[in-house]
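Student: Hi! Could you walk me through this one with me asking as we go?
Tutor: Sure, let's have a look together.
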Amino acid sequence: MRYNLWFGVYEDGKVEKSSNLEESFLNAENEEPAPFNISEVGVKIFGGRVEYYTSLRKVALAVAERLVEQELKREDRYVVALVKALEEVEEAINMLKEKVEDIRTVKDSEIVADFEDKIEELKNLKKKIEREIEEIMTKIAPNLTEIAGAKITAKLLERAGSMERLVKLPASKIQVIGAEKSLYKAFARMKKGKKAKIPKHGIIFLHPFIRTLPKSKRGKMARFLAAKIAIAAKIDYFRGEIDESLYESLRKRYEELRRK
Amino acid sequence: MKMVVRNVYLSDGMLVTKSRYGSHYGEKVFDGFREWIPWRSKLAAMILKGYTIDFRGEEIILYLGAASGTTLSHLADIIDEGFIYAVEYSAKPFEKLLELARERTNIIPLLFDASKPWKYSGIVEKVDFIYQDIAQKNQVDILERNTEFFLKEGGEILIMVKARSIDSTAEPEEVFDNVLKRIESRFEILKHGNLEPYHKDHLFVHAKLF
């Protein structure tokens, strides 16, 4: 059996040492657990316990530093691009569906089936993009994803443009992101001294804790959720650790409002 | 000051570890000791509640879910003659963990997904101890997979289970019973208990591989 170790390839008791340790470190993948102890083999190769662990640490640090930098730089921009693409794909699906219905009412031809295949394909693409967004969001914004879900978080991120900008937004802005049109309309009416309805929620309306409440309570919940989102964004950006109390307080507030 | 675990002391109700390093996450540092805050670390909560583990200080440990290295920094104080393989998948907390790994020579940082141990199977050796704190639905699966790859015969595990991550609708007791049953099938359970009041609906399980 061959085993890919971080310092080379092991086969029949012999090790062929790697010439690029960082590369072999990232390819040290094996289907089965090794039947020997890697450090014992390694200590012989590196000529001592201290030497073995010193090299291992050095390579591990170098690889991790590189990967972390790559990921943090790119991932939020990648999500922003994905969300935009997702919206286009969704629109394309709806548009195609409409057109194929138009055709079908006149004549159910072979082309209709072709259209349906294409729609199916696009739906699969849509699912794939959604999964990718979810995976990255849990990685770069674990708290936001936990309290608001990947979809809402990704949309907020897209509107803000980057994590850095999202972090700087106040909760009151987060609450109405996505409802700008009606917000500014309301402001314009107020300026003229007329009565105006200020929107209570934008994108965050998609959150089940808001959607499932009676209309009169949604504003309260939206305000509370937006405040928690603002906090979660800051934790994600600066600390990155999960804060369990966030979701808990959200759920409590929701139940309180539902009972009243 | 009373020693409760190797390099861990209790001083006026405050838990501290003997350390020649500075503050990592805002904890107080004084005369060669670092405060170990039970609200920030589940391991500290467990020890403060009176359950201790006899570390010898020379163990090889696999730490799954190291996050930004809060608990890890204290474990590294305890295991001052051993090594800790610290696995964390999320890049953001890993930045902070890297700061720690740069100064501590007994930490090997691994940016990998703990649910896919085969990806780092050519890096991590056979270990004496697996510590796992991953608040995920399949956290017991993750533990089992890593045990298969890395835990020595007779090796021990300490897992921190978060009820709400596994099933947010079921009663925590129910979730814990199921987890214990699963762990029992492969391990001898040495001790388990809750972490109240420091961490709500959490269970720690210390066990030994048959």
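Student: How many bridges join strand E1 of chain A to strand E2 of chain A?
Tutor: Keep in mind that this is a predicted model. In it, 4 bridges join E1 (residues 2-5) to E2 (residues 8-11), and the two strands run antiparallel.
Student: Which residue in E2(A) does A:Asn4 stand opposite?
Tutor: A:Asn4 faces A:Val9 there. E1(A) and E2(A) make a hairpin, with 2 residues between them.
Student: And what does E2(A) do with strand E3 of chain A?
Tutor: E2(A) pairs with E3 (residues 14-17) over 4 bridges, in the antiparallel sense. A:Val9 turns up again here, standing opposite A:Glu16 in E3(A).
Student: Which residue takes a positive phi in the hairpin of E2(A) and E3(A)?
Tutor: That's A:Asp12, with a phi near 50°, and this hairpin has 2 residues between the strands.
Student: New topic, helices! At what angle do H3 of chain A and H3 of chain B pack?
Tutor: At about 150°, with their axes 10 Å apart; H3(A) covers residues 49-106 and H3(B) residues 91-103.
Student: So are they roughly parallel or roughly antiparallel to each other?
Tutor: Roughly antiparallel, because the angle is about 150° and angles over 145 degrees count that way. H3(A) also passes H3(B) in a left-handed crossing.
Student: Which residues make the contact?
Tutor: From H3(A), they include A:Leu61, A:Val68 and A:Leu72, and from H3(B), B:Phe94 and B:Leu98 are among them.
Student: How many of the contact residues are nonpolar, polar and charged?
Tutor: The contact of H3(A) with H3(B) has 8 nonpolar, no polar and 6 charged residues. Among those in the contact are A:Arg57, A:Glu65, B:Lys92 and B:Glu95.

Definitions and conventions:
Residues numbered from 1 in each chain as written. Chains lettered and ligands numbered in written order. Predicted model: local features only at pLDDT ≥ 70, side-chain atom pairs only at ≥ 80, totals over all residues. Heavy atoms only, no water. Axes fitted to C-alpha atoms, helices over the stretch in contact; angles between N-to-C directions. Parallel < 35°, antiparallel > 145°, perpendicular 65-115°, else oblique. Left-handed = near helix turned anticlockwise from the far one by under 90°. Contact = heavy atoms within 4.5 Å. Nonpolar A, V, L, I, M, F, W, Y, C, P; charged D, E, K, R; others polar. Pairing = 2+ DSSP bridges.
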